[in-house]
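Dear colleague,

Please find below the structure that I am handing over to you, together with its sequence. My notes on what was found in it follow directly after.

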Amino acid sequence: MEIRQYLEPIAEIFRNLGVPEPIVHWGHPLMMGIVIFAMGTFVGFTGWRRRVVTDEAIALESGSNHRKMAPFMFLFMALGYTGGVLSLVMQEQEIFESPHFWTGSVVLALLAANGFISLTKFGGNQAALRTTHAYLGSIALFTMLIHTVLGLTLGFAI
């Protein structure tokens, strides 16, 4: 059974709410743009700042801020991913044909892997896992930029 058959009843509920078309069409990009650029920038900045500053107080504060905000960013990205897929269904677009869908999937996978690494406390504070975490996070942020361009292209094409 195709995933669309599971999502269509949910999409129909939202269609019947009378949400204005511009919100259905551009709501996901607007909200996710805020998450990507505000939260993503903050999480990336504080994570790298933790690694590179020499002042231990600043490093500890940055690490604390990174640990507090990163889970929320992942949560909002996961919710936004779900909303984006639902938005595609509501607009009667194909899900799996969109490169935007696939970059979103990659971003979530990278962030989930990074979350797992951090939950293991970097394998007992292994430097290699801390470095992997930093670079995976950076790759995720770069992929978010590609995802944004693909999303805007998709939004203007629909």
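Arg-130 is partly exposed in this predicted model, because its relative accessible area of 32% falls between the limits of 20% for buried and 50% for exposed residues. The residue belongs to helix α6, which covers residues 127–157.

Arg-130 is also a member of a patch of positive charge on the surface. The other residues gathered there are Arg-50, Arg-51, Arg-67, Lys-68 and Lys-121. Two elements, α2 (21–52) and α3 (56–90), each contribute two or more residues to this positive patch.

With regard to charge across the whole chain, there are 9 positive and 10 negative side chains. The centres of these two sets are 19 Å apart.

As for the overall architecture, the chain contains six helices and zero strands, and its pattern along the sequence reads α-α-α-α-α-α. Taken along the principal axes, the box filled by the C-alpha atoms is roughly 55 × 30 × 25 Å.

Of the 158 residues in the chain, 34% are buried. The accessible surface amounts to about 9,600 Å², and carbon and sulfur atoms account for 72% of that area. Finally, when contacts between residues at least 6 apart in sequence are considered, 73% of them join residues at least 24 apart.

Yours sincerely

Technical notes: Residues are numbered from 1 along each chain as its sequence is written. This is a predicted model: local features need pLDDT of at least 70, side-chain atom pairs count only at pLDDT 80 or more; totals for chains, interfaces and linings use all residues. Side-chain values use heavy atoms; hydrogens and water are left out. Patches are made of residues with over 30% relative accessible area and no salt bridge: like charges are joined within 9 Å, nonpolar side chains (Val, Leu, Ile, Met, Phe, Trp, Tyr) within 5 Å. Accessible areas come from the Shrake-Rupley method with a 1.4 Å probe; for residues, only the protein chains shown count as cover. A salt bridge is a side-chain nitrogen of Lys or Arg within 4 Å of a carboxyl oxygen of Asp or Glu. Lys and Arg count as positive and Asp and Glu as negative; His and the chain ends are not counted. The place of a charge is taken as NZ of Lys, CZ of Arg, CG of Asp or CD of Glu. Helices (H or I, at least four residues) and strands (E, at least two) are DSSP runs, numbered from the N terminus. Buried means under 20% relative accessible area, exposed over 50%, partly exposed in between (1.4 Å probe, protein chains only). Contact means heavy atoms within 4.5 Å.
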